Amino acid sequence: MSKVEVYLLSGFLGSGKTTLLKRLLEDEKKQNRKVAVMMNELGKISIDSNEVSEGIPLKELLDGCICCTISDKLEAQLQGLLMVEKPEVIYIETTGAAHPVEVLDAVLSPLFANQLEVRGIISVVDGSRWLHRRELSPQIQQLLLEQVRHADMLLLNKADMLSESEQAKLTMEIQSINPHAMTILTSFSKVSMNQVRNLSSRKKSDKVRSHVQVDLNLSTFVYQFQKPIDQAEFEDFLRTLPDSIYRIKGYVKFEHFKYPYLFQFSYGMPLYMKEEMNLPLNMVFIGENISWEEIERQLQKLEK
Ligand SMILES: Nc1nc2c(ncn2[C@@H]2O[C@H](COP(=O)(O)OP(=O)(O)OP(=O)(O)O)[C@@H](O)[C@H]2O)c(=O)[nH]1
């Protein structure tokens with residue numbers, strides 16, 4: 001079964017995410033792909049959903065930010081979308097206040113993460129807001145920085161409102177923070193679907209080139225256990241992990257136990273919760289600059 005492509009659209013409030021989504025959906029329509037959209041807004045009324053044309057399945061997550069209060073709801077809705085609509089591609093427009101790691105974490109439920117392929121995070125940056133970011137609170141400055149740092153593709157948007165020298169300054173600053181992302185100066189988020197898809201094939205061809213691929217930027221990996229493992233060995237494995245693995249979550253079954261545990265690992269802290277039934281033994285990893293091949297090898301060793 002081929003995996004469902006997932007693109008995350010990130011970027012601060014008002015930067016041009018919805019404008020981008022509309023463009024991508026027009027392109028998708030021309031290519032006749034089966035698309036689904038998830039979007040969430042802070043606040044009760046979602047205006048942006050009016051922007052999505054009829055016939056495209058749309059799930060809205062109101063009443064909170066995608067990453068904190070409603071991650072369970074997101075999980076249920078995403079699962080519903082996968083089962084009922086069976087899309088080929090899902091675009092997820094995140095609230096401007098979300099951190100990319102939290103969003104990935106919310107999207108990748110161990111229940112179905114093996115059906116998804118996160119192709120990339122596209123961050124839209126409001127050019128003049130970026131150049132004047134020192135006027136914003138330190139927390140917001142930090143969030144803008146994280147959205148730039150973790151992106152696979154960066155749209156430096158609202159270029160029409162900047163002079164040439166401002167455009168050059170913006171490009172230089174952003175590229176020095178994230179030299180790995182594809183960076184494009186845009187007005188009204190003008191980018192084509194093909195550029196977005198090139199982004200993911202670029203990622204793939206890198207993989208072919210080097211034997212031990214280290215995924216630069218934020219990336220995810222899903223491992224499926226075939227059988228129970230030894231708990232002490234699993235804990236030894238956790239101790240050897242690099243600090244840049246930010247999250248692990250999934251179901252793991254230990255030898256001599258009837259049911260698996262839900263395992264969560266966040267910035268070095270493990271947490272186990274006993275389950276009352278058998279669940280797919282998928283484990284989702286989120287990290288930065290990680291050789292997933294090496295992690296996979298170690299996990300396979302645990303099953304020997
Ligand atoms: N001048 C100019 N305006 C733009 C550009 N891109 C988007 N806008 C306008 O900026 C406003 C916000 O754009 P949206 O696409 O709704 O931004 P968003 O990131 O989805 O906003 P939120 O949903 O509030 O997070 C709209 O009025 C757009 O028409 C641009 O490149 N130049």
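Start with a single pair: select L8 and I92, because L8 has I92 as its bridge partner in β4. Before you go on, keep in mind that this is a predicted model.

**Stop 1: β1 and β4**

Widen the selection to strand β1 (residues 4-11) together with β4; five bridges hold this pair in the parallel sense. Now keep just β4, residues 89-93. Is this strand enclosed or not? Five of its five residues are buried, so the rest of the structure largely encloses β4. Turn the strand around to check both faces: V89, Y91 and E93 sit on one side, I90 and I92 sit on the other, and all are buried.

**Stop 2: the nonpolar core**

Two residues of β4 come back here. The largest nonpolar core has 64 residues, and the members touching the most others are V6, I90, Y91, I122 and L154. Colour those five and then add strand β5 (residues 116-126), which gives this core its largest share, six residues. Where does the core lie with respect to the domains? Domain 1 (4-208) and domain 2 (215-302) both contribute residues, so the core lies between them.

**Stop 3: β6 and its partners**

Pick L154 from that set and show its surroundings. Leaving out neighbours within four places in sequence, its contacts are S123, V125, V148, I174, N178, A181 and T183. One of these, T183, is also the bridge partner of L154 in β7.

Next, select all of strand β6 (residues 153-157). Five of its five residues are buried, so β6 too is largely enclosed by the rest of the structure. Both faces are covered: on one side you'll find M153, L155 and N157, on the other L154 and L156, all of them buried.

Bring in the strands that pair with β6. With β5, β6 runs parallel, joined by five bridges; look for D126 standing opposite N157. With strand β7 (residues 182-185), the pairing is again in the parallel sense, over four bridges.

**Stop 4: K158 and the ligand**

Step along to K158, in the loop between β6 and α6 (164-177). If you check backbone torsions, K158 has a positive phi of about 65°, although it isn't a glycine. Is K158 buried or exposed? It has 24 C-beta neighbours inside 10 Å, so it counts as buried.

Now show the ligand. There are 17 residues around it, and those that come nearest are G16, K17, T18, T19 and K158. Helix α1 (residues 17-31) gives the largest share of this shell, three residues. What is the chemical make-up of the shell? Colour by residue class and you'll get three nonpolar, 10 polar and four charged.

**Stop 5: along α1, then over to α5**

Stay on α1 and select L25, which lies in this helix. With 17 C-beta neighbours inside 10 Å, L25 counts as partly exposed. Try a distance from here: the C-alpha atoms of L25 and N198 are 17 Å apart, with their positions 173 residues apart along the chain.

Jump to Q142 in helix α5 (residues 138-149). Q142 has 12 C-beta neighbours inside 10 Å, so it counts as exposed. A second distance to draw is Q142 to H99: 43 residues apart along the chain, with their C-alpha atoms separated by 9.8 Å.

**Stop 6: where the domains meet**

Colour by domain, using 4-208 for domain 1 and 215-302 for domain 2. Across the boundary, 15 residues of domain 1 are in contact with 16 residues of domain 2. On the domain 1 side, the elements giving two or more residues are α3 (100-107) and β5. Which of the elements gives the largest share of that side? It's α3, with four residues. By class, the domain 1 side divides into 10 nonpolar, three polar and two charged.

**Stop 7: N289, then the whole chain**

Go to N289 in strand β12 (residues 282-290). Here is another non-glycine with a positive phi, about 55°. With 13 C-beta neighbours inside 10 Å, N289 counts as partly exposed.

Finally, zoom out. The protein has nine helices and 12 strands, and buried residues make up 35% of its 304 residues. If you draw a contact map, take the contacts between residues at least 6 apart in sequence: 76% of them join residues at least 24 apart.

Methods
Residues numbered from 1 in each chain as written. Predicted model: local features only at pLDDT ≥ 70, side-chain atom pairs only at ≥ 80, totals over all residues. Core = buried A, V, L, I, M, F, W, Y, C linked by C-beta atoms within 7 Å. Buried ≥ 20, exposed ≤ 12 C-beta atoms within 10 Å, placed from the backbone. Domains from an automatic or database assignment. Contact = placed C-beta atoms within 7 Å. Near = placed C-beta within 6 Å. Nonpolar A, V, L, I, M, F, W, Y, C, P; charged D, E, K, R; others polar. Pairing = 2+ DSSP bridges.
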